[in-house]
Amino acid sequence: MTFDWLDILTTVLGLIYIWLEYRASIWLWLVGIVMPALDIWLYYTHGLYGDAGMACYYTMAAIYGFLFWKYKKTRKDHREIPIIHMPGRYYMPAIVGFFLAWGVTYYVLITWTNSTVPLLDAFTNALSFVGLWALARKFVEQWLFWIVVDVVCAYLYINKGIPFKAGLYALYVIIAIAGYFKWKKMAKHIEI
(Lines give C-alpha, C1' and ligand atoms only; values in the text may rest on other atoms or scores of the structure.)
Protein backbone atom coordinates (compact mmCIF):
# COMPACT_ATOMS: atom_id res chain seq x y z
CA MET A 1 0.00 0.00 0.00
CA THR A 2 1.36 3.43 -0.91
CA PHE A 3 0.62 6.51 1.13
CA ASP A 4 -0.66 9.63 -0.51
CA TRP A 5 0.81 12.93 0.78
CA LEU A 6 -2.55 14.60 0.16
CA ASP A 7 -4.25 11.98 2.35
CA ILE A 8 -1.79 12.80 5.16
CA LEU A 9 -2.02 16.60 4.76
CA THR A 10 -5.81 16.69 4.70
CA THR A 11 -5.88 14.36 7.69
CA VAL A 12 -3.70 16.76 9.68
CA LEU A 13 -5.96 19.64 8.64
CA GLY A 14 -8.95 17.52 9.64
CA LEU A 15 -7.54 17.05 13.13
CA ILE A 16 -7.08 20.80 13.47
CA TYR A 17 -10.61 21.37 12.16
CA ILE A 18 -12.32 18.98 14.57
CA TRP A 19 -10.35 20.39 17.52
CA LEU A 20 -11.49 23.90 16.59
CA GLU A 21 -15.08 22.69 16.11
CA TYR A 22 -15.03 20.99 19.52
CA ARG A 23 -13.93 24.30 21.04
CA ALA A 24 -16.61 26.19 19.04
CA SER A 25 -13.88 28.40 17.57
CA ILE A 26 -14.65 30.53 14.54
CA TRP A 27 -11.24 29.55 13.12
CA LEU A 28 -12.65 26.12 12.24
CA TRP A 29 -14.18 27.77 9.19
CA LEU A 30 -10.83 28.95 7.81
CA VAL A 31 -9.40 25.44 8.02
CA GLY A 32 -12.75 24.34 6.62
CA ILE A 33 -12.07 26.34 3.47
CA VAL A 34 -8.57 24.98 2.79
CA MET A 35 -9.07 21.31 3.71
CA PRO A 36 -12.03 20.53 1.43
CA ALA A 37 -10.41 22.41 -1.44
CA LEU A 38 -7.57 19.86 -1.20
CA ASP A 39 -10.02 17.00 -0.61
CA ILE A 40 -11.62 17.59 -4.01
CA TRP A 41 -8.55 16.16 -5.73
CA LEU A 42 -7.97 13.43 -3.15
CA TYR A 43 -11.49 12.03 -3.41
CA TYR A 44 -11.73 12.40 -7.19
CA THR A 45 -8.54 10.40 -7.73
CA HIS A 46 -9.94 7.60 -5.53
CA GLY A 47 -13.29 7.40 -7.34
CA LEU A 48 -15.32 9.03 -4.57
CA TYR A 49 -17.04 11.47 -6.90
CA GLY A 50 -19.82 12.30 -4.48
CA ASP A 51 -17.28 13.19 -1.83
CA ALA A 52 -15.34 15.27 -4.36
CA GLY A 53 -18.52 17.17 -5.13
CA MET A 54 -19.27 17.43 -1.45
CA ALA A 55 -15.84 18.94 -0.86
CA CYS A 56 -16.83 21.76 -3.26
CA TYR A 57 -19.93 22.30 -1.14
CA TYR A 58 -17.86 22.17 2.08
CA THR A 59 -15.62 24.92 0.77
CA MET A 60 -18.59 27.17 0.00
CA ALA A 61 -20.37 26.23 3.24
CA ALA A 62 -17.24 27.10 5.23
CA ILE A 63 -17.31 30.59 3.75
CA TYR A 64 -21.00 30.85 4.72
CA GLY A 65 -20.31 29.46 8.22
CA PHE A 66 -17.47 31.90 8.81
CA LEU A 67 -19.56 34.88 7.72
CA PHE A 68 -22.59 33.67 9.72
CA TRP A 69 -20.56 33.20 12.91
CA LYS A 70 -18.63 36.43 12.40
CA TYR A 71 -21.46 38.78 11.50
CA LYS A 72 -24.70 37.21 12.71
CA LYS A 73 -25.47 38.60 16.13
CA THR A 74 -28.36 38.02 18.47
CA ARG A 75 -31.12 40.59 18.09
CA LYS A 76 -31.28 41.43 21.80
CA ASP A 77 -27.77 42.56 22.65
CA HIS A 78 -25.60 41.98 19.56
CA ARG A 79 -23.69 39.10 21.17
CA GLU A 80 -22.22 36.21 19.23
CA ILE A 81 -24.84 33.64 18.28
CA PRO A 82 -25.13 31.05 21.04
CA ILE A 83 -24.94 27.27 20.91
CA ILE A 84 -28.55 26.08 21.09
CA HIS A 85 -30.66 22.99 20.57
CA MET A 86 -32.20 22.67 17.13
CA PRO A 87 -35.71 24.13 17.29
CA GLY A 88 -38.47 21.63 16.49
CA ARG A 89 -39.62 23.61 13.46
CA TYR A 90 -36.36 22.74 11.66
CA TYR A 91 -36.63 18.96 11.91
CA MET A 92 -39.07 18.37 9.07
CA PRO A 93 -37.24 20.67 6.60
CA ALA A 94 -33.95 18.98 7.58
CA ILE A 95 -35.41 15.51 6.96
CA VAL A 96 -36.93 16.53 3.64
CA GLY A 97 -33.69 18.26 2.61
CA PHE A 98 -31.71 15.15 3.53
CA PHE A 99 -33.85 12.77 1.47
CA LEU A 100 -33.98 15.16 -1.47
CA ALA A 101 -30.20 15.63 -1.44
CA TRP A 102 -29.67 11.86 -1.07
CA GLY A 103 -31.89 11.12 -4.07
CA VAL A 104 -30.38 13.82 -6.28
CA THR A 105 -26.81 12.90 -5.37
CA TYR A 106 -27.48 9.20 -5.92
CA TYR A 107 -29.01 9.93 -9.32
CA VAL A 108 -26.01 12.07 -10.33
CA LEU A 109 -23.57 9.38 -9.21
CA ILE A 110 -25.27 6.51 -11.05
CA THR A 111 -25.96 8.58 -14.15
CA TRP A 112 -22.73 10.47 -14.72
CA THR A 113 -19.98 8.64 -12.81
CA ASN A 114 -18.56 5.16 -12.47
CA SER A 115 -18.91 5.25 -8.68
CA THR A 116 -18.75 1.83 -7.07
CA VAL A 117 -20.43 3.04 -3.87
CA PRO A 118 -23.16 5.44 -5.04
CA LEU A 119 -25.71 4.69 -2.31
CA LEU A 120 -23.37 5.23 0.63
CA ASP A 121 -21.48 8.06 -1.07
CA ALA A 122 -24.77 9.86 -1.70
CA PHE A 123 -25.95 9.13 1.86
CA THR A 124 -22.90 10.68 3.53
CA ASN A 125 -23.08 13.67 1.23
CA ALA A 126 -26.75 14.30 1.89
CA LEU A 127 -26.36 14.01 5.66
CA SER A 128 -23.29 16.25 5.48
CA PHE A 129 -25.41 18.97 3.83
CA VAL A 130 -27.68 18.89 6.85
CA GLY A 131 -24.76 18.63 9.29
CA LEU A 132 -22.95 21.67 7.90
CA TRP A 133 -26.13 23.72 7.93
CA ALA A 134 -26.74 22.73 11.58
CA LEU A 135 -23.11 23.53 12.49
CA ALA A 136 -23.38 26.98 10.90
CA ARG A 137 -26.47 27.59 13.06
CA LYS A 138 -24.62 26.29 16.17
CA PHE A 139 -27.20 23.58 16.85
CA VAL A 140 -26.06 20.98 19.39
CA GLU A 141 -27.62 18.22 17.30
CA GLN A 142 -25.17 18.83 14.45
CA TRP A 143 -22.86 16.41 16.27
CA LEU A 144 -25.40 13.59 15.93
CA PHE A 145 -25.43 14.01 12.16
CA TRP A 146 -21.62 13.90 12.10
CA ILE A 147 -21.45 10.72 14.17
CA VAL A 148 -23.42 8.87 11.49
CA VAL A 149 -21.51 10.49 8.62
CA ASP A 150 -18.16 9.72 10.23
CA VAL A 151 -18.92 6.04 10.83
CA VAL A 152 -19.99 5.51 7.23
CA CYS A 153 -17.08 7.55 5.82
CA ALA A 154 -14.51 5.62 7.86
CA TYR A 155 -15.88 2.42 6.33
CA LEU A 156 -15.86 3.87 2.81
CA TYR A 157 -12.33 5.22 3.07
CA ILE A 158 -10.96 1.92 4.33
CA ASN A 159 -12.51 0.20 1.33
CA LYS A 160 -11.22 2.87 -1.07
CA GLY A 161 -7.61 2.71 0.15
CA ILE A 162 -7.44 6.08 1.90
CA PRO A 163 -6.18 4.86 5.28
CA PHE A 164 -5.27 8.14 6.94
CA LYS A 165 -8.66 9.64 6.14
CA ALA A 166 -10.32 6.45 7.41
CA GLY A 167 -8.44 6.78 10.69
CA LEU A 168 -9.34 10.45 10.90
CA TYR A 169 -13.03 9.71 10.47
CA ALA A 170 -12.87 6.94 13.08
CA LEU A 171 -11.37 9.52 15.44
CA TYR A 172 -14.07 11.99 14.39
CA VAL A 173 -16.68 9.57 15.74
CA ILE A 174 -15.13 9.72 19.20
CA ILE A 175 -14.68 13.48 19.10
CA ALA A 176 -18.22 13.98 17.79
CA ILE A 177 -19.60 12.04 20.75
CA ALA A 178 -17.53 14.17 23.15
CA GLY A 179 -18.49 17.32 21.23
CA TYR A 180 -22.16 16.52 21.50
CA PHE A 181 -21.96 16.27 25.29
CA LYS A 182 -19.80 19.39 25.56
CA TRP A 183 -22.10 21.50 23.39
CA LYS A 184 -25.15 20.09 25.16
CA LYS A 185 -23.71 21.25 28.47
CA MET A 186 -22.79 24.65 27.03
CA ALA A 187 -26.30 25.12 25.62
CA LYS A 188 -27.91 24.56 29.01
CA HIS A 189 -26.44 27.80 30.34
CA ILE A 190 -27.63 30.03 27.52
CA GLU A 191 -30.87 31.95 27.62
CA ILE A 192 -32.49 32.45 24.23
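This passage walks through a predicted model of a protein, from its overall fold to some of its individual residues.

The fold is a good place to start. The secondary structure comes to seven helices and zero strands, so that the pattern along the sequence reads α-α-α-α-α-α-α. The radius of gyration is 16 Å, close to the 16 Å that the globule rule gives for 192 residues, and the protein is therefore as compact as a globular protein of that length. Taken along the principal axes, the box filled by the C-alpha atoms is roughly 55 × 35 × 25 Å. Of the 192 residues, 48% are buried. Contacts across the sequence add to this picture: among those between residues at least 6 apart, 72% join residues at least 24 apart.

Two of the helices deserve a closer look. Helix H3 covers residues 49-71, and its 23 residues should span 33 Å at 1.5 Å a residue; the end C-alpha atoms are indeed 33 Å apart, in agreement with that expectation. Buried positions recur along H3, including Gly50, Asp51 and Ala52, then Tyr58 and Thr59, and further on Gly65, Phe68 and Trp69. Helix H5, made of residues 118-136, gives a similar check: 19 residues should span 27 Å, and the end C-alpha atoms are 27 Å apart, which agrees. Because 15 of its 19 residues are buried, H5 is largely enclosed by the rest of the structure.

The stretches outside these helices can be visited next. Pro87 is found in the loop between H3 and helix H4 (91-112). Is this loop residue buried or exposed? With a relative accessibility of 18%, under the 20% limit, Pro87 counts as buried. Pro87 and Trp133 are 46 residues apart along the chain, and their C-alpha atoms are separated by 13 Å. After H5 comes Lys138, whose phi is positive, near 60°. The charged end of Lys138 sits over the ring of Trp69, 4.3 Å from the ring centre, and Trp69 itself is one of the buried residues of H3.

Aromatic rings meet in many places, and the count comes to 19 aromatic pairs. One of these pairs joins Tyr180 and Phe181 in an edge-to-face arrangement, with 5.3 Å from centre to centre and 75° between the planes. The planes count as edge-to-face because their angle of 75° is over 60 degrees. The two partners can be described by their accessibility as well: Tyr180 is buried, at 14% relative accessibility, whereas Phe181 is exposed, with a relative accessible area of 52%. Elsewhere, Tyr43, Tyr157, Tyr169 and Tyr172 form one aromatic cluster.

The cysteines complete the tour. A disulfide is a covalent bond between the sulfur atoms of two cysteines. How many disulfides does a search of the whole structure find? The search finds zero. Cys56 is in no disulfide, and the nearest cysteine sulfur, that of Cys153, lies 16 Å away. Why do Cys56 and Cys153 not form a bond? Their sulfurs are 16 Å apart, which is too far, because a disulfide needs a pair of sulfur atoms within 2.5 Å. The surroundings of these residues can be compared through their accessibility: Cys56 counts as partly exposed at 38%, while Cys153 counts as buried at 3%.

Terms used: Residues numbered from 1 in each chain as written. Predicted model: local features only at pLDDT ≥ 70, side-chain atom pairs only at ≥ 80, totals over all residues. Heavy atoms only, no water. Phe/Tyr/Trp six-rings, centres within 6.5 Å; stacked < 30°, edge-to-face > 60°. Buried < 20%, exposed > 50% of the residue type's maximum accessible area, 1.4 Å probe, protein only. Lys NZ or Arg CZ within 6 Å of the ring centre and 35° of its normal. Helix = DSSP H or I, 4+ residues; strand = E, 2+ residues; numbered from the N terminus. Expected span 1.5 Å × (residues − 1). Rg over C-alpha atoms; globule rule 2.2 N^0.38 Å. Contact = heavy atoms within 4.5 Å.
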